[in-house]
Amino acid sequence: MRKPVFTGSGVAIVTPFTEDGVDFEKLEELIEFQIKEGTDALIICGTTGEASTMPDEEHKEVIKFAVEKVNKRIPVVAGTGSNDTKHAISLSQYAEEVGADAILSVTPYYNKTNQMGLYRHFKDIAESIKIPVVLYNVPGRTNLNIAPDTIKALSEIDNIVAIKECNINQVADIINLCGDDFTVYSGNDDLTVPMLSLGGKGVISVMANIIPKDTHNMVVSFLEGNIEEARRLQLKYVDLIKALFMDVSPMPLKAAMNLMGMNVGKCRMPLVDLDEEKLSKMKNVLMKYNLI
């Protein structure tokens, strides 16, 4: 039986930027905040971390920094996905070298490939490293879905152990096909409890950037059998989740964090600031939850 990379809440952490690069002092502060608040894993350089705007050297530096600062207190999952298989292999090998506990690998985008291409892409990545691989299926961003049968075939590769799944319509099929030896994480904050009810083991979360403790508590409550508490927390944060996804993520999240005084800087172009109307809505939602 393969052990999950983590159970509970993994934060898809933002990358705080300055005009010149990464604000490493702020990143360390965010990491310490997450660990103190009970987050179960740190996902660095994912979509929320804006990895697609990072040159390789910066991307690698951020992964290495996170691994060193976390220092094995919780698992670090490094986003190393690419639509170029060789590039994904190179980033994944680097993450393993510097001590990441696992990698998160997104489906290829733009040159989307087919199901056989997906199988071979992820197989080649997995066979280039020894650490666990978490697949990342996010059709809303990539316009490409990993079919349950392909996930089943991939799950038979020793170190492909989990998926961050954003397509709830196929979660039951994935769990039926792959069984308890393969871990499903919700990739959508609004679907955490529904995915847990089907057999998921946690969430890779955007909202955990600002409410890490309650995100952790929601998952742990469910896994410990306190379904009513998990349901209460899922319903409590419906409006916050809607606000965090009112525009292209992580634009609303960074706006919220800056309004809360967390000073994480702007998103990198082509992502832009929220317009005044959306910023005003965000302020009202954060006030409703006593976050500002």
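A residue is counted as buried when its relative accessible area is under 20%. By this criterion Tyr185, with a relative accessible area of 0%, is buried in the predicted model described here. Phe6, at 5% relative accessibility, likewise counts as buried.

These two residues form one of the aromatic pairs of the structure, in which a search of the whole model finds three. The ring centres of Phe6 and Tyr185 lie 4.3 Å apart and the ring planes are at 5°, so the pair is stacked, planes under 30 degrees apart being assigned to that class. Phe6 belongs to the segment before β1 (8-12), whereas Tyr185 is part of strand β7 (residues 183-186); the pair therefore ties together parts that are 179 residues apart in sequence.

A further pair is formed by Tyr237 and Tyr289. The centres of their rings are separated by 5.3 Å and the planes stand at 25°, so this pair is also stacked. Tyr237 is located in the loop between α10 (227-236) and α11 (238-244), and Tyr289 in the segment after α13 (276-288), so that distant parts of the chain, 52 residues apart, are linked by the pair. Both Tyr237 and Tyr289 are buried.

Tyr289 also appears among the contacts of Leu240. When neighbours within four places in sequence are set aside, Leu240 is in contact with Ile210, Ile211, Val285, Leu286, Tyr289 and Leu291. Leu240 is in turn a member of the largest nonpolar core, which has 79 residues. Within this core, the residues with the most contacts are Ile44, Leu135, Ile160 and Leu240. Helix α2 (residues 56-70) supplies the largest share of the core, namely six residues. A second core, separate from the largest, has 17 residues, including Ala41, Leu104, Val161 and Ala162.

Helix packing was examined for α6 and α7. In general, two packed helices are described by the angle between their axes and the distance between the axes. The axes of helix α6 (residues 148-155) and helix α7 (residues 171-178) come within 9 Å and cross at roughly 35°. The crossing of α6 past α7 is right-handed. On the α6 side, the contact is made by Pro148, Asp149, Ile151, Lys152 and Ser155, which meet Asp173, Ile174, Leu177 and Cys178 of α7. Classified by residue type, this contact contains five nonpolar, one polar and three charged residues.

The backbone was considered next. Most residues other than glycine have a negative phi, and most peptide bonds are trans. Two cis peptide bonds are described here. The bond from Ser249 to Pro250 is cis, with omega near 10°, and Pro250 is placed in the loop between α11 and α12 (251-259). The bond from Met269 to Pro270 is cis as well, with omega near 15°; Pro270 is found in the loop between α12 and α13.

The loop between α12 and α13 also holds Asn263, a residue other than glycine whose phi is positive, near 50°. Tyr110 likewise has a positive phi, of about 70°, although it is not a glycine. Tyr110 is situated in the loop between β4 (102-106) and α4 (115-127). With a relative accessible area of 78%, Tyr110 is exposed, since that class requires a value over 50%.

How values were computed
Residues are numbered from 1 along each chain as its sequence is written. This is a predicted model: local features need pLDDT of at least 70, side-chain atom pairs count only at pLDDT 80 or more; totals for chains, interfaces and linings use all residues. Side-chain values use heavy atoms; hydrogens and water are left out. Axes are lines fitted to C-alpha atoms, for helices over the stretch in contact, and angles run from 0 to 180 degrees between N-to-C directions. Helices (H or I, at least four residues) and strands (E, at least two) are DSSP runs, numbered from the N terminus. A crossing is left-handed if the near helix is turned anticlockwise from the far one by less than a right angle, and right-handed if clockwise. Contact means heavy atoms within 4.5 Å. Ala, Val, Leu, Ile, Met, Phe, Trp, Tyr, Cys and Pro count as nonpolar, Asp, Glu, Lys and Arg as charged, and the others, Gly among them, as polar. A nonpolar core is a set of buried Ala, Val, Leu, Ile, Met, Phe, Trp, Tyr and Cys residues joined through side-chain atoms within 4.5 Å. Buried means under 20% relative accessible area, exposed over 50%, partly exposed in between (1.4 Å probe, protein chains only). Rings of Phe, Tyr and Trp (its six-membered ring) pair if their centres lie within 6.5 Å; planes under 30 degrees apart count as stacked, over 60 as edge-to-face and the rest as tilted.
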